[in-house]
Amino acid sequence: MSPSVGRRRLLGYVGTAVAGAAAGASAGVVGAQALDDDGRARPGAPAPGADALPRVVPAHGPHQPGVAAHLSGVTELVALDLLPEVRRARDRDALARLLRVWTGDVESLTAGRGAPGDTAPWLAAVADLTVTVGLGPGVLGEEWGIPAPVGFAKVPPMRHDRLREEWSGGDLLLLVNGADATTVGHAVRRMVADARPFAALRWRQQGAWRGRDQQGRPVTGRNLFGQVDGSANPRPGTDLFDSTVWIRDGAWAGGTTLVLRRIRMDLPTWDELTRAEQEASVGRRLDDGAPLTGGHERSDLDLAARADGRWVVAKDAHARRTHPSSHGGRRIFRKGANYEVVTPAGSETGLLFQSFQRDLTDQFVPIQQAMDVSDALNEWTTAVGSAEFAVLPGFAEGQWLGHQLLG
Amino acid sequence: MNLSLPTPARPASPGRPGRRRSASAGRAGRRTGAAALALVLAAALAACGEEVAPIEPTIDPAGAPAAADSLEVHDPWVRATVGADDTTMTAAFMVLDNTGDAEVTVTGARAEVAGRTELHEMAAVDGQMVMRQIRGGLVLAPGRGQMLQPGGSHVMLMELTEELRPGDELDLVLELSDGSDVEVSAPVKEFTEEAGHYHGDDGHGDDGHGDDGHGDDEGHDHGSHDHGDDGEGDEHP
Ligand code: HEM
Ligand SMILES: [Cu+2]
C-alpha cells in the first residue's frame, strides 16, 4: 500500500459542508470517507497474511498499470463516443482536456479517494482499482493528428461473428477493474459523468473473474466453461510479456492495443458434452488446466505427442489452433471477464475476451483468423461484440494521460 | 462543524500533481481582519501575475520551514463556467492537509484569471444556507485535514476574465499567514450536481454575487450576516 494511501486512510477528512441545506442545523458532517463505522481511523497496513485484501495499484508509471495487473474481481469495459460537435471539429484540444480531467479522476479513484468533485466520495475505496484508458479508431489517424499505433486497425469480419452494434466500437475506452462492483461502478459513473462536456456513453459491459484462491493467492481463474483460462499467457514482468504487449517506439511507446470480443458461450450445449470431449476441445485438463500431454498448469502443450496413432491434442483443439508455434511465434496477452446478463427474457452467458498486443494486425488477427477457419470451441462460442482501442502509455505524477500524443 | 482528526505520520508522497509550492516573502502581513481583507486583496491582486513554479516542491532557501512546506493539497478542482448562468465567478475545491507540527493558516488566495478571490464557508443562518468569508482565514491545526467542497468551504473566484472550460488547468495560489505560498494547479470540471446545491438559490444566487454581493467591497457576508458573529463553524480542535 502506498504511503499516501496509508495516510489517507488514517486521516479522515471532515468537511465543512452541509450536504443539502435541508440537513438544517449547523452540523451535517460529511466526507469522513476514511473512517470505519465507529468513526475511528482504519489501520493503514493490511493485517498479516491478508494477501487477499484489496490494495492500491499505483496509477503512475511508464505503462497504465491495469494492463499487467493481476485481475481483481470485477471488470467493466466502457466505451464512449465523442459528442458530434467535438468529432466534427476534430477538436484535439477538447480531447486533451477530457484526458486531463480523467487523469485526476484516475489518480484519486484508484487511490481510494473520491474523484475531485465527486458527488459520492464515500463510494470510493481501496479496491485494487485500475482504470485503463484507450482511444478508438475514430479518433486516430491524420484527421486528428494522432497517429495510430503500427498495425492498429479494426478486426476484419469473421465468418462466425454475429456482431451487434450495441456491443461494438467506440471512440474512447475505460477499462476498469477492481475488487468489487460497488467501487468499480462508482468509478465508471464518475468518469462518465466527468466526460459529459466531451463524450457520451456508448456501451458498458461488465464481467467478473476469480483471480485468487481461498488463501488470497493469485491464480489464473476460470471461464464459464469451467476451464482454467490464461495459463499460457506471457507473465507480466518477463521480457516475453514486454515484447508481446508494449509498443516500443514512437509516441505510443509504453502503450499497447486492446481487442475486446464479447463472446457468447452456449452453456446448455456445452454441458451436454462428456468431460473428455470438453477437455479435447482445448487440449487441457479441466481440473488443473494442465496440458493433456502432461505436466502442470504452466506447462506448454506437446503438440507433437501421439497416442494410439492419434494426436493427443486434437487438430482443431483451441490451444493448438492458437498456439504460438502455429503462428510463427506470435502471441497475445489475454484477460477475461465472465458475464451473465439476466433479463426477464432469459440470460446470456459469455466471456469479455480481452487481447493485448503491441501490433493488432500482426499478432491478434492471424490467431483470430485461424480460429475462424477451424476451432473446436466455435461450436459453443459466438462473438457478438467487437471493439479495438489503442491503450495510452502511462504517465508520471504531474503529467496527464495522453500527453505523449496530444501534448 | 470543522471537525478534524489527527494525522499520525508524515506521508511520503502527495496524492495529486498540481501541488506546487513557492516561498514568497511578499505576502507577509496579510493577517488582516476579514473585513479589511477584501480591500487588501483587491490591491494585492493588481501585482500578482507571477509565473508558476515547476511542480517539484522547493525548499525555502532561507532554511526556515515555511508553512507552505507543511500544507499538502490533494485533488483540487474548479467548477467550469461554460454554460453557467453567471460566468464571472466560480469556486475552487480541494483537500488540504497540514502535515506539519505547527498550525497553518490559509489567509487568502489569488489566481490570474480572477479579479477577486476569497475564502468562503457555508453557514446555516435562519434556516438558510449562506456563504460568507471565513473569518481569520482557514486555520489548520497540526496534523489536521480540511475538505473544501461544494456546499462547504471553498475558494471563491470572482470577476473572472476568462471562461473556464472543463479540462482547462487553473493556476491558483494559496496564501499562508507566514507569507509563504502554495501553488495549486487545478483541473476545471463540469459540476455534475444540481447547481442549486452549490451556488444558486440560497447562496450567491439570490443575494447577488454579481452586483451587490461580491462586487462591493464590504458586502461579503452574503446576506447581512457578519463574519463569524455566532462563532459557528470556526472551532478547530
Ligand atoms: C469464449 C471464447 C474462448 C474460450 C472459452 C477460450 C478458452 C481458452 C482456454 C481454456 C485456453 C487454454 C488455457 C490457456 O492457455 O489460457 C485458451 C488458450 C488460448 N486462447 Fe482461448 N478461448 C477463447 C477465445 C479465444 C480467442 C478469441 C482467442 C484469440 C483470437 C484465443 C486465443 C488463445 C490463445 C493464444 C491461447 C494460448 C494457446 C497456448 O499458447 O497454449 N482464445 N483459450
Ligand atoms: Cu462563495
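**View 1. Where the predictor is sure and unsure about chain B.** In this predicted model, confidence in chain B bottoms out in helix α1 of chain B (residues 34-46), with a mean of 31, and peaks in strand β9 of chain B (residues 154-160), at 97. Residues 1-61 of chain B have a pLDDT below 50, yet the model gives this stretch 152 contacts beyond near neighbours in sequence. Residues 196-237 of chain B likewise stay under 50, and here there are 110 contacts beyond four places in sequence. Chain B as a whole averages a pLDDT of 67, with 54% of its residues scoring at least 70. For the model overall, ipTM comes out at 0.75 and pTM at 0.79.

**View 2. The iron atom of ligand 1 and its protein donor.** Look for A:H318: its NE2 atom sits 1.9 Å from the iron and is the only protein donor. The residue belongs to helix α8 of chain A.

**View 3. Backbone contacts to the oxygen atoms of ligand 1.** A:G230 puts a backbone N or O atom 2.5 Å from an oxygen atom of the ligand. For A:S231, a polar backbone atom is 3.0 Å from a ligand oxygen, and a backbone N or O atom of A:A232 also lies 3.0 Å from one.

**View 4. The shell around ligand 1.** There are 28 residues around the ligand, and A:R334 is among the closest. By type, they split into 16 nonpolar, nine polar and three charged. Helix α9 of chain A chips in four residues, the largest share.

Definitions and conventions:
Residues numbered from 1 in each chain as written. Chains lettered and ligands numbered in written order. Predicted model: local features only at pLDDT ≥ 70, side-chain atom pairs only at ≥ 80, totals over all residues. Heavy atoms only, no water. Near = heavy atom within 4 Å. Polar contact = N/O pair within 3.5 Å; in protein donor to acceptor, adjacent residues only side chain to side chain. Helix = DSSP H or I, 4+ residues; strand = E, 2+ residues; numbered from the N terminus. Nonpolar A, V, L, I, M, F, W, Y, C, P; charged D, E, K, R; others polar. Donors = N, O, S within 2.8 Å, 3.2 Å for Na, K, Ca; no water. pLDDT = per-residue confidence, 0-100. Contact = heavy atoms within 4.5 Å.
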